[in-house]
Amino acid sequence: LFTHSFSSRWFLLRAGVPRRAGLAKGRRGLLLTDSVSLSDIAGGRRFVGKVEVYRRLCERVGCSDTDDLRPELFVDDALRARAADLLHRAGARADRPLLGLVPGASYGPSKQWPPERFAAVADRFIERRGFDVAIFTSPAEEPIAQAIASAMRMRPLRFPPGASDLAVLKALIQRCA
């Protein structure tokens with residue numbers, strides 16, 4: 001169980017699931033057959049990332065190969081082809097590394113870096129390191145992308161509105177250096 005809810009643990013117990021693993025947090029550990037203690041994982045640290053907690057839970061039930069904590073995007077050849085086509089139509093060169101900028105923020109401008117700073121970083125990657133730079137935004141964040149592109153000295157890669165969906169975005173991100 002990756003969730004900490006009592007009801008999830010209770011449901012599995014009542015359903016007769018013989019082995020129930022999860023994080024021992026408060027009295028909820030009593031409903032588990034295999035538990036991992038947050039204090040053991042933390043080792044005195046104040047904060048512990050979810051990835052580390054989930055890795056320990058997976059180890060507890062016998063999963064192997066849990067050392068690699070890097071995220072992995074599952075992308076098939078058709079999505080890679082769509083992403084390659086979008087990049088090509090936007091002017092990307094296959095021999096250049098790709099830098100993706102994701103300037104939006106869920107909680108608005110107070111959590112965003114200023115557009116001119118994104119622009120400065122993007123220009124530097126293009127001029128000094130030979131990168132292509134793509135700006136990834138949702139349709140609602142288009143003004144942010146426009147502000148960054150306008151502040152840049154070099155030309156970023158831009159995609160037509162609605163040209164990419166979340167699946168293609170995975171392939172575009174996978175292509176980033």
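How exposed is Phe 6, judged by its relative accessible area? I will begin there, and I should say straight away that what we are looking at is a predicted model. Phe 6 has a relative accessible area of 45%, and since buried means under 20% and exposed over 50%, this residue counts as partly exposed.

Let me put that residue into its setting. The chain has seven helices and four strands, and, going along the sequence, these elements come in the order α-β-β-α-α-α-β-α-β-α-α. For 177 residues the globule rule gives 16 Å, whereas the radius of gyration of this chain is 22 Å, well over that value, so the chain is more spread out than a compact globule. Along the principal axes, the C-alpha atoms fill a box of roughly 60 × 40 × 30 Å.

Turning to burial and contacts, 31% of the 177 residues count as buried, and the accessible surface of the chain comes to about 11600 Å², with carbon and sulfur atoms contributing 55% of it. If we take the contacts with a sequence separation of 6 or more, 58% of them are between residues that lie 24 or more positions apart. As for charge, the chain carries 29 positive and 19 negative charges, and the mean positions of these two sets are 7 Å apart.

Now to the aromatic rings, where a search of the whole structure finds five pairs. One of them joins Phe 6 to Trp 10, and this pair is stacked, with 6.2 Å from centre to centre and 10° between the planes. Both residues belong to helix H1, which covers residues 6-14, and because they are four residues apart there, about one helical turn separates them. Trp 10, like Phe 6, is partly exposed, with a relative accessible area of 41% for the tryptophan.

Another stacked pair is formed by Phe 136 and Phe 159, whose ring centres are 6.2 Å apart and whose planes make an angle of 5°. Here Phe 136 sits in the loop between strand S4 (132-135) and helix H6 (142-151), while Phe 159 sits in the loop between H6 and helix H7 (166-175), so this pair ties together parts of the chain that are 23 residues apart in sequence. Phe 136 is buried, at a relative accessible area of 7%, and Phe 159 also counts as buried, at 14%.

To close, I would set the two pairs side by side: Phe 6 and Trp 10 stack within helix H1, whereas Phe 136 and Phe 159 stack from two loops, one on either side of H6.

How values were computed: Residues numbered from 1 in each chain as written. Predicted model: local features only at pLDDT ≥ 70, side-chain atom pairs only at ≥ 80, totals over all residues. Heavy atoms only, no water. Rg over C-alpha atoms; globule rule 2.2 N^0.38 Å. Buried < 20%, exposed > 50% of the residue type's maximum accessible area, 1.4 Å probe, protein only. Contact = heavy atoms within 4.5 Å. Areas by Shrake-Rupley, 256 points an atom, 1.4 Å probe, with all protein chains shown as cover. Lys, Arg positive; Asp, Glu negative; His and termini not counted. Charge placed at Lys NZ, Arg CZ, Asp CG, Glu CD. Phe/Tyr/Trp six-rings, centres within 6.5 Å; stacked < 30°, edge-to-face > 60°.
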